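This report covers two topics. One is an interface between chains; the other is a single acidic residue.

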Number of protein chains: 2
Amino acid sequence: MSTPFQIDARDGSARAGVLRTAHGEVHTPAFVPLASTATVKTLHASEVSALGYEMVLGNTFHLFIQPGAEHIAEMGGLHEFMGWPRPIITDSGGYQVFSMGHGSVAAEIKRRRDPGKNMIISIEEEGVRFSSYLDGSERFMGPETSMEVQAKLDSDVALAFDECTPFHVERDYTRASMERTHRWLDRCIAWQREHGPDRQLLFGIVQGGVYEDLRAESAAYVSGADVDGVAIGGSLGKEKVEMRQVVEWSLAPLPEERPRHLLGIGDVDDIVHAVAGGIDIFDCATPTRLARHGTALVPEPARRWRLDLTKSEHRTSREPIAEGCPCPACREHTRGYLNYLIRAGELTGKRLITLHNLTFMGELMQGARAAIAEGRYAAYADAVLAG
Amino acid sequence: MSTPFQIDARDGSARAGVLRTAHGEVHTPAFVPLASTATVKTLHASEVSALGYEMVLGNTFHLFIQPGAEHIAEMGGLHEFMGWPRPIITDSGGYQVFSMGHGSVAAEIKRRRDPGKNMIISIEEEGVRFSSYLDGSERFMGPETSMEVQAKLDSDVALAFDECTPFHVERDYTRASMERTHRWLDRCIAWQREHGPDRQLLFGIVQGGVYEDLRAESAAYVSGADVDGVAIGGSLGKEKVEMRQVVEWSLAPLPEERPRHLLGIGDVDDIVHAVAGGIDIFDCATPTRLARHGTALVPEPARRWRLDLTKSEHRTSREPIAEGCPCPACREHTRGYLNYLIRAGELTGKRLITLHNLTFMGELMQGARAAIAEGRYAAYADAVLAG
């Protein structure tokens with residue numbers, strides 16, 4: 001099987017390359033902004049590409065619930081629907097399905113009367129039954145459903161349906177769940193290779209919790225499967241140190257030539273370490289979600305790269321978020337104005353900080369790609385981590 | 001007194017000209033978008049000028065309550081605060097103060113416990129006492145307060161403090177209120193000419209309700225005062241026909257050479273008629289407020305120029321809002337996508353329709369200016385009104 005991924009430069013375990021998809025190229029290492037609900041919240045699609053992004057992530061679960069995959073297919077697929085002609089990766093829905101609470105019968109009845117939260121009704125070999133947050137109706141998602149939804153969305157990269165176990169789950173359940181996830185992977189591959197859109201890529205997901213042998217086993221299983229890339233999933237540990245260890249265990253058995261996606265990780269230090277370990281693609285809600293709550297990303301490790309603009313210390317500041325940043329929040333506005341906008345609940349504030357945070361993440365990844373190409377990634381990582 | 005307004009072309013009673021302010025020129029007839037809370041909601045300032053707008057309207061009342069005029073002065077004035085280097089007109093706060101309910105003592109006590117709505121405590125010769133919607137605290141605004149706040153905001157055009165009477169008010173109250181508004185005008189002029197910022201222009205406001213003689217008397221009074229322009233205020237009648245009549249009565253006694261602002265009117269047909277009658281400047285919340293609720297402006301008089309994109313008939317539409325419109329909502333997105341975004345509560349939807357509606361209003365006014373300059377305004381008005 002030919003891989004759609006080409007590695008152009010290596011620097012230690014870090015790699016810079018290009019992923020080729022039906023809707024164009026993605027230069028890696030890449031951060032992928034979330035367009036969970038068919039929009040990068042507060043931006044329209046051409047603004048996201050103007051920021052230099054080549055791929056966004058659509059959320060299978062959210063789009064399945066609203067407006068529905070059939071509707072998006074009728075509108076010409078997710079690219080057409082949201083006016084984004086470039087690559088799209090879709091998650092499998094597994095993460096959302098498994099982060100719901102388990103419900104009692106009483107809670108289930110209550111839910112039908114008062115929707116607003118999803119709830120798992122049952123997890124079986126076939127898949128998962130749950131009640132929708134939109135109207136309380138009973139819905140089902142399993143490997144074939146997930147692949148079918150992703151086929152209707154017509155994404156460039158589909159992710160296999162997996163159970164995402166929380167970090168505190170005991171070893172026995174983690175093993176059983178991982179093995180089911182592997183069986184689900186085989187069903188995803190079978191469905192997708194037969195019915196999926198031409199040129200849609202499929203990434204398998206490594207699970208195995210916080211257990212070294214299970215991670216190794218899972219990585220070997222996924223690597224041996226007919227997939228175009230490998231994603232590392234699951235709750236990756238309670239502490240950053242544990243998370244990095246889990247990523248390392250998961251990476252070790254993976255073949256060099258396939259693209260590697262680390263799911264849901266987006267903190268600056270985590271990205272810098274994971275790129276060093278050989279991760280190619282990241283997605284995370286944090287940069288855009290923080291923005292909507294008034295927190296800007298800044299090159300200051302001592303603050304964990306976060307500047308909370310809602311704090312009163314910024315009220316009278318006439319400084320930009322970050323000197324030299326080319327985004328409109330920094331070029332045209334002050335911290336004081338952003339503090340006011342966010343506190344007054346103005347959409348303009350959420351939007352300006354979203355533009356800033358995505359500019360910041362774009363520059364971080366651009367810097368990483370350039371450093372790997374020039375064989376100076378370690379120095380780049382040190383500089384980022386030193387601030 | 002020299003007038004800062006120059007008329008470059010006339011066509012019947014319609015005029016095209018330019019208003020010169022401390023922060024630049026405004027070509028008229030002009031529509032002025034509302035930046036009530038120091039932002040044209042969903043946009044940042046440079047986006048508003050990119051749409052071709054030369055002036056925005058800041059709201060004295062809202063900014064007095066939050067973040068406070070002192071704070072904005074400390075931040076360098078409203079232009080600096082919001083990053084808008086072009087002309088700003090500020091309303092007087094009168095409209096907001098007088099659209100509050102009158103409160104009982106009980107309601108007043110309740111209000112202190114549970115703010116959220118303003119309430120008038122008393123209207124006196126000195127000014128108006130009310131409780132703030134933000135924290136229930138007692139606040140005062142009179143002519144001098146209003147001018148002082150507008151001075152701190154450092155707007156290019158200040159509006160005199162007036163009582164805005166509802167259309168159903170009886171003649172005796174309307175006369176008494178109008179006369180008090182005239183006395184307030186004199187106090188505004190006295191304060192502003194002594195303490196106001198250099199080059200800040202001051203417009204007086206014509207009141208007089210729906211009574212022809214009172215409108216004539218008020219227009220004559222304001223025209224005779226030391227003001228740089230005249231605004232027509234008040235609730236202008238229950239029906240459009242009545243409103244146009246009131247505008248006509250108010251315009252008749254006005255000197256040709258002063259700029260004329262029609263307050264709070266923004267429907268397409270009303271603007272087209274008022275420009276024909278000799279109005280130069282308009283401001284209105286409607287185009288941007290409608291946008292945030294999912295209604296787009298379209299060149300269709302039969303729909304009152306309004307297309308409600310939340311309706312299910314647009315769900316599967318792959319048409320743009322309006323063919324040929326240069327805004328990103330029309331160039332890059334479908335009615336179906338906008339229908340989804342608005343129904344899902346996505347900020348991107350509010351923003352895209354705001355961009356569209358302000359593009360529409362900008363083109364309407366641009367067309368009017370060109371038509372007056374070329375002596376074909378009647379034909380232009382007919383074409384707009386025929387759709």
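## The interface between chains B and A

Chain B and chain A bury about 3,400 Å² between them. Carbon and sulfur atoms account for 53% of that area. The model is predicted. Chain B gives 43 residues to the contact, and chain A gives 43 residues.

Polar links cross the interface of chain B and chain A. The rule finds 6 salt bridges there. In one salt bridge, the side chain of E346(B) meets that of K41(A), with 2.6 Å from N to O. Polar contact joins 26 residue pairs across the interface, both residues being at pLDDT 80 or more.

## The chain B side

Six entries make up the list of chain B elements that give two or more residues to the side touching chain A: α1 (45-50), α3 (69-74), α4 (78-82), α13 (328-332), α14 (335-343) and α15 (347-373). The largest share, 6 residues, comes from α15(B). By type, the chain B residues on this side divide into 17 nonpolar, 15 polar and 11 charged.

## A buried aspartate in chain A

D162(A) sits in the loop between β11 (157-159) and α8 (171-195) of chain A. D162(A) is buried and has no salt bridge. R215(A) is the nearest side chain of opposite charge, 8.3 Å away. A salt bridge requires the charged atoms to lie within 4 Å, so R215(A) is out of range.

Which side chains make polar contacts with the side chain of D162(A)? Q207(A) does so at 2.6 Å, and S92(A) at 3.4 Å. Beyond four places in sequence, the contacts of D162(A) also include G94(A), F98(A), T181(A), W184(A) and I205(A).

Methods
Residues numbered from 1 in each chain as written. Chains lettered and ligands numbered in written order. Predicted model: local features only at pLDDT ≥ 70, side-chain atom pairs only at ≥ 80, totals over all residues. Heavy atoms only, no water. Contact = heavy atoms within 4.5 Å. Buried area = accessible area lost by both parts, 1.4 Å probe. Polar contact = N/O pair within 3.5 Å; in protein donor to acceptor, adjacent residues only side chain to side chain. Helix = DSSP H or I, 4+ residues; strand = E, 2+ residues; numbered from the N terminus. Nonpolar A, V, L, I, M, F, W, Y, C, P; charged D, E, K, R; others polar. Buried < 20%, exposed > 50% of the residue type's maximum accessible area, 1.4 Å probe, protein only. Lys, Arg positive; Asp, Glu negative; His and termini not counted.
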